[in-house]
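Here is the structure, ready for your viewer. Could you walk me through it, saying what to select at each stop and what is there?

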Amino acid sequence: MLHLVARLLCVYAFTCVKVVYGLDEKRFLCTAIPSDMDAVCPVQPPPVQSASVQGDELGNTVMQLRQTILEQKETIANQLVTIKELTSKLSRCESESFQKNNKETMDDVPKDSNDTIDILGKTMQSLKDRLENLEQQQMRANISGASFPNELRNLLQRRLEDLENQLLKKVNELETEKSQLYNETVAHRQRTDNTLNLLTNKIFELEKGEVGFKSPENFKISLLLRTNYHYGKVKKSLPEMYAFTVCMWLKSSTSTGSPGIGTPFSYGVPGQANEIVLIEWDNSPVELIINDKVARLPLSLGDGRWHHVCITWTVRDGVWEAYQDGQRLGSGENLAPWHPIKPGGVLILGQEQDIVGGRFDANQAFVGELSHFNIWDRVLRSTDIVSMANCSSYMPGNVVAWTDSNIEVFGGASKLQLELCEARLFDN
């Protein structure tokens with residue numbers, strides 16, 4: 001029967017060869033006959049491998065396929081876990097909310113969202129790391145013969161892009177909210193300061209109406225707190241000057257062990273916030289600063305008593321002199337020589353300016369009382385300085401004169417009645 005089947009296959013363009021696998025098992029191996037050859041079964045049978053070799057190859061193939069399937073199943077399981085983690089992370093990001101603090105006080109400052117932005121940045125980096133891990137898994141799968149499903153990879157890529165866009169949107173919203181809160185707080189503080197200044201001026205006007213200043217210069221400004229918003233301001237600016245004399249009465253309320261009396265006055269112009277500054281801070285001597293050049297003055301003003309202080313300077317050779325209570329205690333030269341004082345600046349009492357008219361530092365604020373702050377555009381004679389220090393005469397400055405109408409106060413600073421020489425006698 002087998003021979004008959006073989007012959008029939010040969011007739012229909014096949015040739016078959018009998019193969020013996022065992023003692024009792026016989027099979028025919030058939031191959032097609034090429035079209036250009038004789039159909040009378042001339043084809044030589046191909047070399048036949050033994051049954052044991054062929055079985056080993058089939059077994060190895062099955063094992064490789066089984067290993068590939070297991071690796072691919074493991075890869076897909078890892079990817080599903082990653083998708084769940086990314087979805088959970090997105091849900092947590094979307095659930096985060098920031099409540100604006102509506103309690104308006106002078107010292108309230110909007111909460112900084114930098115920590116939240118850092119957390120979102122770290123989350124974004126974590127997602128990118130996971131994507132890189134997935135790409136590495138794909139490379140390993142390709143090397144081992146397992147193919148990474150394109151649909152799953154595209155889904156992960158789109159999901160990550162959506163997460164990145166949402167995180168960037170959240171960061172932008174946080175930045176916008178932070179800016180709005182800051183602007184609202186600044187505006188609220190400005191309104192509070194304006195209201196406080198208005199009330200202070202009203203009280204001052206009432207006091208002046210009841211008591212009455214004996215003369216326009218018989219008052220003082222009181223700066224009782226070391227803050228960055230208590231200060232006075234001279235309404236009039238300075239002209240260009242090639243010499244000057246600055247005189248004032250001051251009484252420091254600085255406590256023992258403090259870093260200095262602070263800044264009795266500062267004058268800043270565009271491009272130079274330290275055009276003229278008188279300052280004592282950070283355990284340094286009193287310093288006169290002109291155009292960022294410094295001279296140390298041998299003055300002692302931190303004993304809580306009234307003192308008369310005068311400073312003179314001339315552009316020629318930068319010569320300066322320092323007087324305390326009518327006595328010349330120090331002099332020098334080469335302090336900003338040939339640098340004329342620039343016009344059009346802002347003159348502040350009680351604060352040092354980091355920018356023109358602002359950015360005060362509470363650590364450099366003057367704490368105490370100021371009066372009779374006058375400026376001349378020349379060097380006064382020593383006899384004139386002694387006469388003012390002894391209360392035997394009063395000379396208003398020809399550039400800045402100490403008058404009620406020329407001085408403004410801000411942030412809780414106040415103007416009070418003062419009979420200066422009587423107060424000084426009481427101190428002594």
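Start by selecting Y231 in this predicted model. With a relative accessibility of 16%, Y231 falls under the 20% limit and therefore counts as buried. Now add F410 to the selection: its relative accessible area is 21%, so F410 is classed as partly exposed.

**Aromatic rings**

Why is the pair of F219 and W402 called stacked? Searching the whole structure turns up five aromatic pairs. In one of them, F219 and W402, the ring centres are 4.6 Å apart and the planes meet at 15°, so the pair is stacked. This pair links distant parts of the chain: F219 sits in strand β3 (residues 219-223), while W402 is in the loop between α5 and β15, 183 residues apart. Colour both by accessibility and you will find F219 buried at 0% and W402 buried at 1%.

Back to your first selection: Y231 and F410 also form a stacked aromatic pair, with 5.0 Å from centre to centre and 20° between the planes. Here too, distant parts of the chain are linked, since Y231 belongs to strand β4 (residues 231-234) and F410 to strand β15, 179 residues apart. Add F360 as well, and you have a cluster: ring pairs link Y231, F360 and F410.

**Salt bridges**

Next, show the charged side chains. How many salt bridges does a search of the whole structure find? The count is five, and three of them are good stops.

- Select K415 and D404, whose side chains meet in a salt bridge at 2.9 Å, N to O. K415 is in strand β16 (residues 414-417) and D404 in the loop between α5 (382-389) and β15 (407-410), so the pair ties together parts eleven residues apart in sequence. K415 is buried at 7% relative accessibility, and D404 is buried at 15%.
- Select R381 and D384, a salt bridge with its closest N and O atoms 3.1 Å apart. R381 is exposed, with a relative accessible area of 56%, whereas D384 is buried at 15%.
- Select R328 and E321, where the closest N and O atoms of the salt bridge are 2.8 Å apart. E321 is buried, at a relative accessible area of 17%.

**A buried charge without a partner**

Now select E352, in the loop between β13 (346-349) and β14 (368-376). Why does E352 have no salt bridge? A salt bridge needs the nitrogen and oxygen within 4 Å, and the nearest side chain of opposite charge, R359, is 9.6 Å away from the buried E352, so the pair does not qualify. To see what does surround E352, show its contacts beyond the neighbours within four places in sequence: T263, S266, N274, V277, I279, R359, F360, D361 and Q364. F360 in that list is also a member of the ring cluster with Y231 and F410.

**Zooming out**

Finally, clear the selection and switch to a cartoon. The protein has six helices and 16 strands. Of its 428 residues, 38% are buried. Among contacts with a separation of 6 or more, 68% are between residues 24 or more positions apart. If you turn on the surface, the accessible area comes to about 24,600 Å², and carbon and sulfur atoms account for 52% of it.

Terms used:
Residues are numbered from 1 along each chain as its sequence is written. This is a predicted model: local features need pLDDT of at least 70, side-chain atom pairs count only at pLDDT 80 or more; totals for chains, interfaces and linings use all residues. Side-chain values use heavy atoms; hydrogens and water are left out. Buried means under 20% relative accessible area, exposed over 50%, partly exposed in between (1.4 Å probe, protein chains only). Helices (H or I, at least four residues) and strands (E, at least two) are DSSP runs, numbered from the N terminus. Lys and Arg count as positive and Asp and Glu as negative; His and the chain ends are not counted. Contact means heavy atoms within 4.5 Å. Accessible areas come from the Shrake-Rupley method with a 1.4 Å probe; for residues, only the protein chains shown count as cover. Rings of Phe, Tyr and Trp (its six-membered ring) pair if their centres lie within 6.5 Å; planes under 30 degrees apart count as stacked, over 60 as edge-to-face and the rest as tilted.
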